[in-house]
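Hi,

Here is the structure I said I would pass on. Have a look at it first, and then read on for what turned up when I went through it.

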Amino acid sequence: MAEPMRIQRALARAGVASRRQAEELVAAGRVRVNGTIATIGQSVDPARDRITVDGQPVGAPAAAQDAVWLVLNKPAGVVTTRRDPQQRRTVFDLVPDAPGLTYVGRLDYMTEGVLLLTTDGTAAHELTHPSREVERTYVVTVRGNVARAARDAMRGIELEDGPVHPVRVDGRSLGNARGELEITLVEGRNREVRRLCEALGLEVERLVRVRFGPIALGGLAPGEHRPLTRSERAALTGKGRARR
């Protein structure tokens with residue numbers, strides 16, 4: 001059974017709109033749950049409740065065994081949402097369309113790398129739930145003292161929404177006051193890596209997510225995608241949900 005979630009999160013998970021845009025849709029009275037106008041913050045079960053936007057049903061999650069699973073190497077300058085009011089390119093412009101296709105763990109506009117997409121909405125929700133502690137690994141190119149930053153990060157850094165305790169942090173110098181940090185986290189807070197680097201006194205030049213759980217970027221070129229293998233799907237939806 002899917003875990004209940006707020007209506008705006010359910011709409012975002014279904015790829016209808018970003019979380020903020022979903023709140024606007026709900027506030028405008030354009031969203032109904034089981035025929036009743038939805039309210040912001042209302043709890044829903046996407047696997048059981050009938051959700052519509054402007055009278056159009058939001059796709060129910062596919063059966064797990066029939067679900068589509070893709071990994072995309074998201075380029076910089078692409079939005080992780082179904083529709084963008086500024087008409088910018090979205091991740092859904094880069095992959096084949098499938099009913100109910102949604103992303104697993106948002107990447108911000110300028111962040112690159114591993115982005116999973118699936119029609120299994122229940123799995124998408126579970127994989128990004130903090131209790132699952134699914135590891136995410138990032139490589140960030142920065143300006144600043146990476147050796148000191150790596151040491152400080154492993155001691156824990158306090159951000160405005162709570163402390164961050166990376167699983168691993170490795171740093172190496174690139175010369176000319178530039179370096180790379182490889183950071184592994186088990187949370188998916190908004191802009192967490194960028195805010196962590198800012199708190200460490202680093203200037204971010206490039207940020208790439210190279211791994212989500214057991215799924216690595218490998219040789220996938222920017223903008224390209226591929227289906228997950230059977231073993232990758234099993235790792236994600238079975239043992240892959242626990243910390244590796």
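Before anything else, keep in mind that this is a predicted model.

Let me start with one residue, V204, and work outwards. You will find V204 in strand β15, which covers residues 203–212. Is V204 buried, partly exposed or exposed? Its relative accessible area is 24%, so V204 counts as partly exposed, a class that begins where buried, under 20%, ends. Leaving aside residues up to four places away in sequence, V204 touches V140, T141, V142, R194 and C197. One of these, R194, sits ten residues from V204 in sequence, and the C-alpha atoms of the two are 7.0 Å apart.

From there it makes sense to follow β15 itself, as it pairs with several strands. Strand β10 (residues 136–143) is joined to β15 by eight bridges, and the two run antiparallel. If you want a spot to look at, T137 stands opposite R211 of β15. With strand β9 (residues 112–118), β15 runs parallel, and two bridges hold that pairing. Here E112 has V208 of β15 as its bridge partner. Then there is strand β16 (residues 215–216), which is antiparallel to β15 and joined to it by two bridges. F212 stands opposite I215 of β16 in that pairing. β15 and β16 form a hairpin with two residues between the strands, and G213 has a positive phi near 60 degrees there.

Now back to β10, which also leads to another part of the chain. Eight bridges connect β10 with strand β14 (residues 178–185), again antiparallel. Within this pair, Y138 faces I183 of β14. β14 pairs in turn with strand β13 (residues 168–175), in the antiparallel sense and over seven bridges. Two of the contacts along it are easy to find: R168 has T184 of β14 as its bridge partner, and G175 has R178.

The turn of that hairpin deserves a closer look. What lies between β13 and β14, and how many residues are there? The two strands form a hairpin with two residues between them, and N176 is in the turn. N176 has a positive phi of about 55 degrees, although it is not a glycine. A177 is in the loop between β13 and β14 as well, and its phi is also positive, near 65 degrees, again in a residue other than glycine. For context, most residues other than glycine have a negative phi. Both loop residues reach the surface: N176 counts as exposed because its relative accessibility is 72%, and A177 counts as exposed with a relative accessible area of 54%.

There is also an open sheet elsewhere, made of four strands in the order β3-β2-β5-β6, with antiparallel pairing. β3 (36–37) and β6 (56–57) are at its edges, each with a single partner strand, so one side of each has no neighbour in the sheet. The partner of β3 is strand β2 (residues 31–33), paired with it in the antiparallel sense over two bridges. In that pair, R32 stands opposite I37 of β3.

A few words on aromatic rings. How many aromatic pairs does a search of the whole structure find? The search comes back with zero. Rings do meet charged side chains, though. R82 lies over the face of F92, 3.9 Å from the ring centre, and R88 lies over the face of Y109, at 4.7 Å from the ring centre.

Finally, the overall picture. The chain has six helices and 17 strands. Its radius of gyration is 19 Å, close to the 18 Å that the globule rule gives for 244 residues, so the chain is as compact as a globular protein of that length. The C-alpha trace spans about 60 × 40 × 35 Å along its principal axes. Of the 244 residues, 48% count as buried. The accessible surface comes to about 12000 Å², and carbon and sulfur atoms account for 47% of it. Among contacts with a separation of 6 or more, 66% are between residues 24 or more positions apart.

Enjoy looking around!

Notes
Residues are numbered from 1 along each chain as its sequence is written. This is a predicted model: local features need pLDDT of at least 70, side-chain atom pairs count only at pLDDT 80 or more; totals for chains, interfaces and linings use all residues. Side-chain values use heavy atoms; hydrogens and water are left out. Buried means under 20% relative accessible area, exposed over 50%, partly exposed in between (1.4 Å probe, protein chains only). Contact means heavy atoms within 4.5 Å. Rings of Phe, Tyr and Trp (its six-membered ring) pair if their centres lie within 6.5 Å; planes under 30 degrees apart count as stacked, over 60 as edge-to-face and the rest as tilted. A charge sits over a ring if NZ of Lys or CZ of Arg is within 6 Å of the ring centre and within 35 degrees of the ring normal. Two strands pair if DSSP finds at least two bridges between them. The radius of gyration is taken over C-alpha atoms; the globule rule is 2.2 Å times the number of residues to the power 0.38. Accessible areas come from the Shrake-Rupley method with a 1.4 Å probe; for residues, only the protein chains shown count as cover.
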